[in-house]
Amino acid sequence: MAPSPAPVFAAPASARHGRRALVTRPRAEAAALAAALAARGVAALIEPLIEIHFRAGPPPDLTGVQALLCTSANGVGALARLSGERDLKLFAVGEATAARAHAEGFAQVESAGGNVGDLARLAAARLDPDGGRLVHVAGSAIAGDLAGMLVGRGFAVERAVLYEARPVPVLGAGCVQALEAGIVDFALFFSPRTAAIFARLADEAAIVPALRFASAVSISEAADRELAGLPFRDRRLATRPDQDGLLRTLDRLLDERRRA
């Protein structure tokens with residue numbers, strides 16, 4: 001198998017103390033995070049562990065649909081590629097997904113501001129089980145049981161799988177070298193699947209001992225559990241299960257390092 005592309009260092013001109021963070025998000029989602037890191041004086045080492053492949057079609061049948069449920073920005077993008085529908089209510093799991101929906105022109109967008117459970121509760125509070133079916137726009141791999149939560153409340157839910165999130169085969173050579181050299185201060189994880197992929201690839205690359213130099217910051221307890229066997233310097237959880245919550249935890253870590 002061909003190696004994954006070399007990682008991209010997004011180093012801010014104002015970077016202090018040479019801080020670097022490993023960003024494991026898909027490349028399209030990593031840009032905004034890299035900018036947020038740059039504002040903190042942290043260079044982003046972008047090493048996507050999942051590659052997004054949009055499906056070609058056909059578009060989902062939205063006849064009689066009451067609302068759309070989107071658990072990722074990639075799902076919103078995949079739907080927008082296939083369908084011109086923009087007037088249906090769209091409930092997003094978090095702010096990043098909601099922002100993508102607004103950018104794609106969806107007119108009625110609400111964010112649950114959290115996780116799949118929060119999304120289920122928001123949809124149940126806003127919608128009528130007799131008002132029409134719901135469509136969960138998803139990838140080939142999903143986390144949580146959104147449909148089950150809503151079916152239990154009397155809703156009819158269909159899943160439209162519009163993209164595939166494929167794991168990369170290996171860590172890039174540049175990423176391996178940076179970790180081995182101990183120049184990565186933080187490793188950021190946004191899903192249990194990404195954390196599990198990293199744990200496997202780090203073992204295959206024989207760099208597990210070098211992780212002792214880095215602090216892991218995970219978006220959820222589920223993601224953190226996938227890292228339990230790795231000797232990170234320490235492991236922290238986001239204050240909320242979204243990018244802003246993860247960055248707030250990183251801010252605390254940076255403050256601790258400055259005071260140490």
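Colleague: I'll start at Asp242: leaving aside residues up to four places away in sequence, which residues does Asp242 touch?
Modeller: Keep in mind that this is a predicted model. Asp242 sits in the loop between S12 and helix H9 (243–259). Not counting residues up to four places away in sequence, the residues that Asp242 touches are Gly113 and Ile219.

Colleague: Does Asp242 count as buried or exposed?
Modeller: The cut-off for buried is under 20% relative accessible area. Asp242 comes in at 14% relative accessibility, so Asp242 counts as buried.

Colleague: How far apart in space are Asp242 and Glu95, C-alpha to C-alpha?
Modeller: Along the sequence, Asp242 and Glu95 are 147 residues apart. In space, the C-alpha to C-alpha distance between Asp242 and Glu95 is 7.6 Å.

Colleague: Let's step back to the whole chain. How many helices and strands does the chain have?
Modeller: One of the helices is H1, covering residues 27–38, and one of the strands is S9, covering residues 157–167. The full tally for the chain is nine helices and twelve strands.

Colleague: What radius of gyration does the chain have?
Modeller: For 260 residues the globule rule gives 18 Å, and the chain's value is close to that, so the chain is as compact as a globular protein of that length. The C-alpha atoms fill a box of roughly 60 × 40 × 35 Å along the principal axes. The radius of gyration itself is 19 Å.

Colleague: What share of the 260 residues is buried?
Modeller: On the outside, the chain exposes about 11700 Å², with carbon and sulfur atoms supplying 50% of it. Among contacts with a separation of 6 or more, 63% join residues 24 or more positions apart. Buried residues make up 51%.

Colleague: Where does pLDDT stay under 50?
Modeller: For the chain, the mean pLDDT is 90, and 93% of the residues reach 70 or more. Where pLDDT is low, the predicted coordinates should not be read in detail. The model does have 37 contacts beyond four places in sequence for the stretch you're asking about, but pLDDT stays under 50 there, over residues 1–17.

Colleague: Which helix holds Leu37?
Modeller: Leu37 counts as buried, at 0% relative accessibility. Beyond four places in sequence, Leu37 touches Ala21, Val23, Val42, Ala44, Leu188, Leu247 and Leu250. The helix that holds Leu37 is H1.

Colleague: Now the strands. In S9, which residue is the bridge partner of Glu51?
Modeller: Strand S4 (residues 50–54) pairs with S9 in the antiparallel sense, over five bridges. Within S9, the bridge partner of Glu51 is Arg166.

Colleague: Do S8 and S9 pair in the parallel or antiparallel sense?
Modeller: Strand S8 spans residues 133–139, and six bridges join S8 to S9. Val137 stands opposite Ala160 in S9. The sense of the S8 and S9 pairing is parallel.

Colleague: How many salt bridges are found in the whole structure?
Modeller: Some are linked up: Arg55, Glu164 and Arg166 form a network of salt bridges. The side chains of Arg236 and Asp234 also meet in a salt bridge, at 3.2 Å, N to O. Over the whole structure, the search finds 15.

Colleague: Which residue does Arg126 meet in a salt bridge?
Modeller: The N to O distance of this salt bridge is 2.9 Å, between the side chains of Arg126 and Glu110. Arg126 lies in helix H4 (residues 116–126) and Glu110 in strand S7 (residues 108–111), so the pair ties together parts that are 16 residues apart in sequence. Both ends are partly exposed, Arg126 with a relative accessible area of 47% and the partner with 27%. That partner is Glu110.

Colleague: And Asp224: which residue does its side chain meet in a salt bridge?
Modeller: The side chains of Asp224 and Arg235 meet at 2.8 Å, N to O. This pair links distant parts of the chain, eleven residues apart, with Asp224 in helix H8 (residues 221–225) and the partner in strand S12 (residues 234–237). Asp224 is buried, with a relative accessible area of 14%, while the partner is partly exposed at 35%. The residue you're after is Arg235.

Colleague: One last stop: what is phi of Ala206 near?
Modeller: Ala206 lies in the loop between helix H7 (192–204) and strand S11 (215–218). Ala206 is exposed, with a relative accessible area of 59%. Phi of Ala206 is a positive value in a residue other than glycine, near 60°.

Methods. Residues numbered from 1 in each chain as written. Predicted model: local features only at pLDDT ≥ 70, side-chain atom pairs only at ≥ 80, totals over all residues. Heavy atoms only, no water. Salt bridge = Lys/Arg side-chain N within 4 Å of Asp/Glu carboxyl O. Helix = DSSP H or I, 4+ residues; strand = E, 2+ residues; numbered from the N terminus. Buried < 20%, exposed > 50% of the residue type's maximum accessible area, 1.4 Å probe, protein only. pLDDT = per-residue confidence, 0-100. Contact = heavy atoms within 4.5 Å. Rg over C-alpha atoms; globule rule 2.2 N^0.38 Å. Areas by Shrake-Rupley, 256 points an atom, 1.4 Å probe, with all protein chains shown as cover. Pairing = 2+ DSSP bridges.
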